[in-house]
Amino acid sequence: MEAYNPEHALLKARREFGEHGGVAPSISRSSTFTVMHPKTMPEIFAGLRGPEQGGCFLYSRHFNPTVDVLSRYLAAMEGTEAAICTASGMSAISCTILQICNSGDHIVASESIYGGTHALFESLLPQMNIRTTFVDITDLEAVKAAMTQQTKVIYTETMGNPTLKIADIPALAETAHQRDIKLVVDNTFSPLIFTPKILGADVVVYSLTKYINGASDLIAGAVCADKSFIQDLMDLHTGRIMLLGPTMDPRVAFDILQRIPHLPIRMREHSRRGQAMAQMLKQMDVKVCYPGLPEHPQHEKAQELGNDGYGLGGILTIDCGTREKAEELMDVLQNEESFGMIAVSLGYFDTLISCSGSSTSSEIKTEDQQKMGLSPGLLRIALGYTGDLETRMVQMKRGVQKVLTGVE
Ligand code: PLP
């Protein structure tokens, strides 16, 4: 297969000028849009006209011109026919699942996924009679064994939160397609690094809140898929995004649009630092997990599936053994070393550190955390790119020596 280059794909996207030829796109802030002829309105409601059929807009919960520009750029980057932006990553995920699954349906999901998604599957969807079986997504036999006649979706994150397990997207896609069901992939941790659609996924969901926006100043999401699936989500009478209403504000779309051009530069730098920091920690005999280390169980798979030139991301984990030790290290890294901030989330220009078991994965029961390999002392470190790398490595080394390895 010829290597996919998401940057070339982005360049091919239609360039959007702002009003008066502005180099930045315009922000179109109208909630509703005038139709020039009364007969046009019923045609829009019948799905015969829209942004791509005559440039026709109706109402901004349906389509907004500025949000539409962002959707087109994301579709280009992901190699999908279309995309739709949402108010958050969670709404992208929940609307996607509710579009595919009805009462009585079943999901096979990776056990190593963001805590909010885990809670959606484990606690909320069963109230709608949609059940999930959680599996180790790297165990293809376990995935197959969990499937039933009712299974409609295989759901995974490309790089699992927070265990950093890498899903074999082509193998999962083959398994899903043999049964004529969909593979839905959350690629939040690894934009540009992996392109799930090119690897066989049907639907790619994102929390744009993280790397794609990159400034930790807004919440946003997206669904990238075939035109027919995006049209289903936006159907005026039945579409889950249209009816549940998690609309993206055009000002948010504008902000993200202005940051996409430097996403490749940012991702390369996050990865460069991830690789260097992980190697240093390994040499210090710290229990570090990073897909770019040869010891990572899916290291070779990650290299095989990744796009050339973006590395393997800016997130690593350190198993400090206990939650107390993890908290001690966080304290030193933030309050003594100014290495990063104790905060959830990722993809920021500064480093964000959190203890997953008691924060973003706290929705997951303790025994399930253990099963998925999530230690209570696991620190997730989402490396930023401020300050020079050498200084950052010295700060990390001092912190680790003080708290974990006992040598100062
Ligand atoms: N997917 C992953 C992998 C995440 O880490 C998160 C949030 O941390 C989400 C989805 C949810 O995104 P949002 O907070 O934008 O709703």
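## A walk from Ser362 to the ligand

Leaving aside neighbours within four places in sequence, Ser362 is in contact with Ser356, Gly357 and Gln369. Ser362 sits in the loop between β11 (352–355) and α15 (366|371 by its end residues). A polar atom of the Ser362 side chain lies 2.7 Å from the backbone oxygen of Ser359. With a relative accessible area of 43%, Ser362 is partly exposed. If you would like a sense of scale, try Thr86: Ser362 and Thr86 are 276 residues apart in sequence and 25 Å apart in space, C-alpha to C-alpha. Do keep in mind as you look around that this is a predicted model.Let us move on to the ligand. Its shell consists of 15 residues, and the closest are Met90, Asp186, Ser207, Thr209 and Lys210. Three of these make polar approaches that are easy to find on screen. A polar side-chain atom of Thr209 is 2.6 Å from an oxygen atom of the ligand, and a polar side-chain atom of Ser207 is 2.8 Å from a ligand oxygen. Met90 takes part through its backbone, where a polar atom lies 2.8 Å from an oxygen atom of the ligand. Taken alone, the ligand exposes 390 Å², and the protein buries 91% of that. Sorted by class, the shell has six nonpolar, six polar and three charged residues. Which helix gives the most to this shell? Helix α4 (residues 89–100) does, with three residues.

Next come the aromatic rings. A pair of aromatic rings is described by the distance of the centres and the angle of the planes. The structure holds three aromatic pairs. One of them joins Phe121 and Tyr155 in an edge-to-face arrangement, with 5.0 Å from centre to centre and 85° between the planes. Phe121 lies in helix α5 (residues 115–124) and Tyr155 in strand β4 (residues 151–157), so this pair ties together parts that are 34 residues apart in sequence. Are these two rings' residues buried or exposed? Phe121 is buried, at a relative accessible area of 0%, and Tyr155 is likewise buried at 0%. Another pair, Tyr348 and Phe349, is tilted, with 4.2 Å between the centres and 35° between the planes. Here Tyr348 is buried at 18%, while Phe349 is partly exposed at 31% relative accessibility.

From strand β4 you can carry on to helix α7. The loop between β4 and α7 is the place of Pro162, and a cis peptide bond joins Asn161 and Pro162, with omega at about 0°. In helix α7 (residues 169–178), the buried residues are Ile169, Ala171, Leu172, Ala173, Thr175 and Ala176. An α-helix has 3.6 residues a turn, so residues three or four places apart point the same way. What covers the buried residues of α7? The cover includes α6 (140–146), β4, β5 (182–186), α8 (196–199) and α13 (299–305). After α7 comes Asp180, whose phi is positive, near 65°.

Two serines round off the tour with backbone angles worth a look. Ser216 has a positive phi of about 50° although it is not a glycine; Ser216 is placed in the loop between β6 (203–207) and β7 (221–225), and is partly exposed at 35% relative accessibility. Ser338 also has a positive phi of about 50° without being a glycine. The place of Ser338 is the loop between α14 (323–336) and β10 (341–342), and at 51% relative accessibility Ser338 counts as exposed.

Note on methods:
Residues numbered from 1 in each chain as written. Predicted model: local features only at pLDDT ≥ 70, side-chain atom pairs only at ≥ 80, totals over all residues. Heavy atoms only, no water. Phe/Tyr/Trp six-rings, centres within 6.5 Å; stacked < 30°, edge-to-face > 60°. Helix = DSSP H or I, 4+ residues; strand = E, 2+ residues; numbered from the N terminus. Buried < 20%, exposed > 50% of the residue type's maximum accessible area, 1.4 Å probe, protein only. Near = heavy atom within 4 Å. Polar contact = N/O pair within 3.5 Å; in protein donor to acceptor, adjacent residues only side chain to side chain. Areas by Shrake-Rupley, 256 points an atom, 1.4 Å probe, with all protein chains shown as cover. Nonpolar A, V, L, I, M, F, W, Y, C, P; charged D, E, K, R; others polar. Contact = heavy atoms within 4.5 Å.
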